[in-house]
Amino acid sequence: MKTKIKLVMQAKPENVAGWPHINFNYEQAAEQIVSALQARMPQAEITALVCSDPEAARAALPEDKKNYDGIVLITATNNPTVHNVYLDAATTDFPLVIAGLPHAGDGAFLNVATRVRKQKLPVATVSSMDYGDIAETAQLIELLKKLKEESILIFSDDTQNGMFREAKRTMLKNHWGIDTVLLSGSDLQAAYDSISEKQARPLAEKWAKNAIRVVEPDAAELIKSARLYHALQEMKEKNGCTAVTVDCLSLFYSKRMQAYPCLSFFEMLNNGQVGICEADIDSVLTTMIAVYGCGRPGFVSDPVLDTSSGQIIYDHCVCSNRMLGYQDARASEYYIRSHAEDQKGASVQTLLPLNLPVTTVKLNAGDNAFSIHTGMAVGNVSLDRGCRTKLAAQANVENIIDRWDMEVFGWHKVTLYGNWRAKLLNLARLKGMTIYDEDR
């Protein structure tokens, strides 16, 4: 279903002096901004309205909430203050983006920013001469609508696992609109048993062919991994789910799963799907936001902090090799390795791009909390301990140590390439989340 967005240009009446100037061409400015939004969201339906009457805007709000998925208000003049109508009605259930049009409504926009901050309003804000920045922020409306269409398949035999406790799943549904389906290890095993080696062999051979080298696993191990991939995809489809997460360590260590899902999730993430380890639905949600909101996979990791180098090293045994995004043809080289902790099964050691900014985030659906820090990717660590893929980033490590909250976010974080701080902080504000800014 198309995302429907209403774009409102806050305008002066005709023949009234003031910023941007008397009889400014608001319609033309609206058309230019709509073009930028349409380029970022080609499937969206965007309706533009020039408005100089706050009371008319107030009267239209009930119908707006029925007919649109969110509103983008452009402060294209300082008065009349149409923006106050929308701020008064701001809720986490109906996304509101307020964008400043520089040299047009800057006084109004700064009043908006002040009120949003002081009153902790669920509003996204942006002010930029580049309309692409406005479009990037407005795309959060599309993202939030898409998330309501998502559902997560969880495989675990531990119903008390805190990663997907019932209260967290309820909050995920109520606040984000995301459904969950919980199945057992025996359900996954039955699906695995239904996949033949013949069906799995082409994928296993592709993984091996494209790798720099297959180090520890043999061909039979790769076929087991490919059988698991097909089983997971089959179970997702059967249960109407769009993402999957597996309590992999527990199931594999207890021999209730025949292969690690590392290569399965590698394949999914490379193709714009979400597959996440350890039955961690918070990391699933965070990765959905990376994939659908930023167009690139997230790297779920157990971070390591090294004050001697000022680096944070993101460690895990599965990482996409398409980390620069789905619109970028470049793919990283990778080795196929055993899983590091027990040196069994098959996993991936990806050699990730360097000298590029990275943004690391984590959402906690149950506590409605959001954490973020940024850094610069500087190295692939080859130390033979910890997990297989190890991306080192230069960051404010001391601050991150001081501000890390293990009780709220656990160990896992999700890293994506690019500086996404502004957009993701706006997302957190739209959802009324408690923000943990870990490095500032």
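In which helix is Leu-87 found? Leu-87 sits in helix H3, and the close-ups below start there before moving on to other parts of this predicted model.

**View 1. Leu-87, a buried residue of helix H3.**
With a relative accessibility of 2%, Leu-87 counts as buried, because the cut-off for that label is under 20%. Once its neighbours within four places in sequence are set aside, Leu-87 is in contact with Leu-96, Ile-98, Val-112, Arg-115, Val-116, Leu-121 and Val-123. If you would like a ruler for the view, take the C-alpha atoms of Leu-87 and Ser-52, which are separated by 16 Å. These two residues are 35 residues apart along the chain.

**View 2. The largest cavity and its lining.**
The structure holds 3 cavities of 30 Å³ or more, and this panel looks into the largest, with about 60 Å³ of space. Leu-61, Lys-65, Ile-71, Tyr-86, Ala-89, Ala-90, Thr-91, Phe-94 and Leu-96 form its lining. Sorted by class, the lining of the largest cavity has 7 nonpolar residues, 1 polar and 1 charged. You may recognise Leu-96 here as a lining residue, since View 1 also lists Leu-96 among the contacts of Leu-87.

**View 3. The second largest cavity and the elements around it.**
This cavity has a volume of about 50 Å³. Its lining is made up of Phe-265, Leu-269, Gly-275, Ile-276, Cys-277, Gly-298, Phe-299, Val-300 and Val-318. Two or more of these residues come from each of H11, strand E10 (274-277) and strand E11 (299-306). Strand E10 gives the largest share, 3 residues. By class, the lining of the second largest cavity counts 7 nonpolar and 2 polar residues, with no charged ones.

**View 4. The largest pocket, with residues from helices H5 and H12.**
Here the view turns from cavities to a pocket. The largest pocket has a volume of about 400 Å³ and a lining of 19 residues. To find its centre, look for Arg-40, Val-291, Cys-294, Gly-295 and Gln-327, the lining residues that lie nearest to it. Helix H5 (131-147) and helix H12 each supply at least two residues of the lining. Helix H12 has the largest share, with 4 residues. The lining of this pocket divides into 8 nonpolar, 6 polar and 5 charged residues.

**View 5. Helices H6 and H12, roughly parallel to each other.**
The axes of helix H6 (residues 166-176) and helix H12 (residues 281-294) come within 11 Å and cross at roughly 25°. Angles under 35 degrees count as roughly parallel, and H6 and H12 are therefore roughly parallel to each other. On the H6 side, the contact is made by Lys-168, Arg-169, Leu-172 and Trp-176. On the H12 side, Ile-281, Asp-282, Leu-285 and Ile-289 take part. The contact of H6 with H12 has 5 nonpolar and 3 charged residues, and no polar ones.

**View 6. Two cis peptide bonds, one leading into Pro-20 and one into Pro-80.**
The peptide bond from Trp-19 to Pro-20 is cis, with omega near -5°. Pro-20 lies in the loop between strand E1 (4-10) and helix H1 (26-40). A second cis peptide bond joins Asn-79 and Pro-80, and its omega is about 5°. For Pro-80, the place to look is the loop between strand E3 (70-75) and helix H3 (83-88). Helix H3 is also where Leu-87 of View 1 is found.

**View 7. Lys-120 and Lys-255, two lysines with positive phi.**
Phi of Lys-120 is near 50°, a positive value in a residue other than glycine. Lys-120 belongs to the loop between helix H4 (106-119) and strand E5 (124-127). Is Lys-120 buried or exposed? Lys-120 is exposed, because its relative accessible area of 72% is over the 50% cut-off. Lys-255 also has a positive phi, near 65°. Its place is in the loop between helix H10 (248-253) and helix H11 (262-270). At 65% relative accessibility, Lys-255 counts as exposed as well.

Definitions and conventions. Residues are numbered from 1 along each chain as its sequence is written. This is a predicted model: local features need pLDDT of at least 70, side-chain atom pairs count only at pLDDT 80 or more; totals for chains, interfaces and linings use all residues. Side-chain values use heavy atoms; hydrogens and water are left out. Buried means under 20% relative accessible area, exposed over 50%, partly exposed in between (1.4 Å probe, protein chains only). Axes are lines fitted to C-alpha atoms, for helices over the stretch in contact, and angles run from 0 to 180 degrees between N-to-C directions. Angles under 35 degrees count as roughly parallel, over 145 as roughly antiparallel, 65 to 115 as roughly perpendicular and the rest as oblique. Contact means heavy atoms within 4.5 Å. Ala, Val, Leu, Ile, Met, Phe, Trp, Tyr, Cys and Pro count as nonpolar, Asp, Glu, Lys and Arg as charged, and the others, Gly among them, as polar. On a 1 Å grid over the protein atoms alone, a cavity is a set of points where a 1.4 Å probe fits but cannot get out, and a pocket is an open set with protein on both sides within 12 Å along at least five of seven lines; lining residues have an atom within 4 Å of a point. Grid points are joined across faces, edges and corners, and a volume is the space filled by probe spheres set on the points.
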